[in-house]
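Student: I have a model open and would like to go through the terms used to describe it. Can we take them one at a time?

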Amino acid sequence: MQKKIVLTGGGTAGHITPNIALLPRLAQKGYEVSYIGSYEGMEKRLMGDYDIPYYGIATGKFRRYFDLKNFSDPFRVIKGFSEARKLLKQIKPDLVFSKGGFVAVPVVRAAASLKIPCVIHESDMTPGLANKICIPVARKICCNFPETMRSLPAQKAVLTGSPIREELLKGKKEAAYNLCGFDSSRPVLMVIGGSLGSVAINQAVREALPKLLTDFQIVHICGKDKIDNLLLNTRGYKQFEYLKAELKDVFAMADVVVSRAGANAICELLALKKPNLLIPLSAGASRGDQILNARSFEAQGFSVVIDEDYLSPDLLTEKVQELYFTRQTYIDAMGKSQQTNAISTIVRLFDEILEDGSNPQ
């Protein structure tokens with residue numbers, strides 16, 4: 001009998017791309033996959049590229065601050081719970097996997113009410129509010145960081161790392177040399193500031209170009225509408241708003257990487273064993289999860305970290321040069337990590353739960 005699984009998660013790419021990364025292995029293992037997300041969220045658009053049945057439900061956000069929507073969103077969550085329960089009765093999955101985000105809350109809670117086992121994944125060092133609501137009814141909780149294990153129920157926590165799209169491991173550096181107009185005469189520095197780009201990182205890199213370009217060729221993925229037209233003809237410096245299919249090739253070409261510290265981004269760097277300098281989003285602009293993520297990778301010997309508040313062109317240049325000359329130390333540390341085989345670990349969890357067949361509630 002074919003195994004059925006429902007995937008859920010949404011709101012940001014970080015709650016969706018790990019689910020996408022699981023799809024080839026789930027198909028290989030004979031799982032019939034469905035996806036439950038919000039009516040019109042990013043997850044609906046991203047999943048449109050795959051031949052997976054998609055179902056939308058109502059969803060609301062749980063806020064820690066005052067907002068008038070705090071009065072209406074609980075009713076949307078209740079409606080979402082009812083819709084998810086109806087869908088799950090219709091789909092009859094053997095298992096639900098949640099990558100988080102507020103759309104996942106009604107799905108996981110509805111699955112638990114129907115005695116359908118749930119596995120959830122927490123990307124960041126500390127669980128977000130949505131996952132905190134799901135943890136009590138989850139069978140297993142996957143996570144990216146050793147430190148996270150301490151804040152989860154011991155019998156449920158599993159250190160897996162984050163599922164990474166397997167195509168990222170298949171890049172060809174020669175294709176990227178051609179794309180960027182580079183050659184093998186100098187090492188390549190890759191700069192990537194998240195899906196929207198980072199004004200602070202972009203500015204520091206561009207101010208540091210005269211020094212950095214003496215040692216490196218630089219490929220800069222700077223974000224939508226953030227290309228600097230005055231630098232388009234700068235030799236050895238190539239800008240892109242974003243990359244899709246070509247990203248794997250650019251990763252293969254890069255000798256060292258400067259990056260934000262979003263959980264999925266740094267797990268990709270770990271899987272690819274790319275020596276990296278992390279510049280996490282400041283606590284003033286987030287709940288501070290990127291700072292915690294970066295410090296964990298620094299403590300494990302995977303990364304160099306600069307706090308955004310102290311970022312300057314000179315410091316950036318100094319740290320990039322240090323990273324390059326000590327890069328093998330970081331490659332060796334990443335090679336010993338237990339967080340680089342997430343897809344196999346997570347799918348094995350699914351198989352074990354279904355073979356066990358006992359009720360977790």
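Student: Which strands does α13 lie across?

Tutor: This is a predicted model. In it, helix α13 lies across β1, β2, β4, β5, β6 and β7, and α13 runs at about 150 degrees to β4.

Student: What makes the direction of α13 relative to β4 roughly parallel or roughly antiparallel?

Tutor: Angles over 145 degrees count as roughly antiparallel. The angle between α13 and β4 is about 150 degrees, so α13 is roughly antiparallel to β4. Helix α1 can be treated in this way too: α1 lies across β1 (3-8), β2 (31-38) and β4 and runs at about 170 degrees to β1. That value is also over 145, so α1 is roughly antiparallel to β1.

Student: Why is α1 called oblique to α13?

Tutor: Two packed helices are described by the angle between their axes and the distance between the axes. The axes of α1 (residues 17-28) and α13 (residues 342-356) come within 10 Å and cross at roughly 60 degrees. Under 35 would be roughly parallel, and roughly perpendicular begins at 65. The angle of roughly 60 degrees falls between these limits, so α1 is oblique to α13. The crossing of the two helices is right-handed.

Student: Which residues make the contact between α1 and α13?

Tutor: From α1 they are Ala 21, Leu 22, Arg 25 and Leu 26. From α13 they are Ile 343, Ser 344, Ile 346, Val 347 and Phe 350.

Student: What is the strand order of the seven-stranded open sheet?

Tutor: The order is β3-β2-β1-β4-β5-β6-β7, with parallel pairing.

Student: Why are β3 and β7 said to stand at the edges?

Tutor: Each has a single partner strand, so one side of β3 (54-57) and one side of β7 have no neighbour in the sheet. On average, neighbouring strands here are turned by 25 degrees against each other, direction ignored.

Student: How do you know that β5 and β6 pair?

Tutor: Pairing needs at least two bridges. Strand β5 (residues 118-122) and strand β6 (residues 140-143) have four bridges, in the parallel sense, so they pair. In one of the bridges, Val 119 has Lys 140 of β6 as its partner.

Student: Which strands make up the other open sheet, the one of six strands?

Tutor: Its order is β10-β9-β8-β11-β12-β13, and the pairing is parallel. Its edges are β10 (237-240) and β13 (303-305), because each has a single partner strand. Three bridges join β11 (residues 256-259) to β12 (residues 276-278), so the requirement of at least two is met. Ser 259 has Leu 278 as its bridge partner in β12.

Student: Why is Ser 162 called buried?

Tutor: Buried means under 20% relative accessible area. The value for Ser 162 is 2%, so Ser 162 is buried. Ser 162 sits in the loop between β7 (157-159) and α6 (173-180). Its contacts beyond four places in sequence include Pro 18, His 121 and Ala 342.

Student: How do you know that Ser 162 makes a polar contact with Asn 264?

Tutor: The cut-off is 3.5 Å between N or O atoms. The two side chains make this contact at 2.9 Å, so the distance is within the limit.

Student: What makes Lys 92 and Asp 225 exposed?

Tutor: Exposed means over 50%. Lys 92 has 58% relative accessibility and Asp 225 has 62%, so both count as exposed. Lys 92 lies in the loop between α3 (69-91) and β4 (95-98), and Asp 225 in the loop between β9 (217-221) and β10.

Definitions and conventions
Residues are numbered from 1 along each chain as its sequence is written. This is a predicted model: local features need pLDDT of at least 70, side-chain atom pairs count only at pLDDT 80 or more; totals for chains, interfaces and linings use all residues. Side-chain values use heavy atoms; hydrogens and water are left out. Buried means under 20% relative accessible area, exposed over 50%, partly exposed in between (1.4 Å probe, protein chains only). A polar contact is a pair of N or O atoms within 3.5 Å; within protein, one must be able to donate a hydrogen and the other to accept it, and residues adjacent in sequence count only if both atoms are side-chain atoms. Contact means heavy atoms within 4.5 Å. Axes are lines fitted to C-alpha atoms, for helices over the stretch in contact, and angles run from 0 to 180 degrees between N-to-C directions. Angles under 35 degrees count as roughly parallel, over 145 as roughly antiparallel, 65 to 115 as roughly perpendicular and the rest as oblique. A crossing is left-handed if the near helix is turned anticlockwise from the far one by less than a right angle, and right-handed if clockwise.
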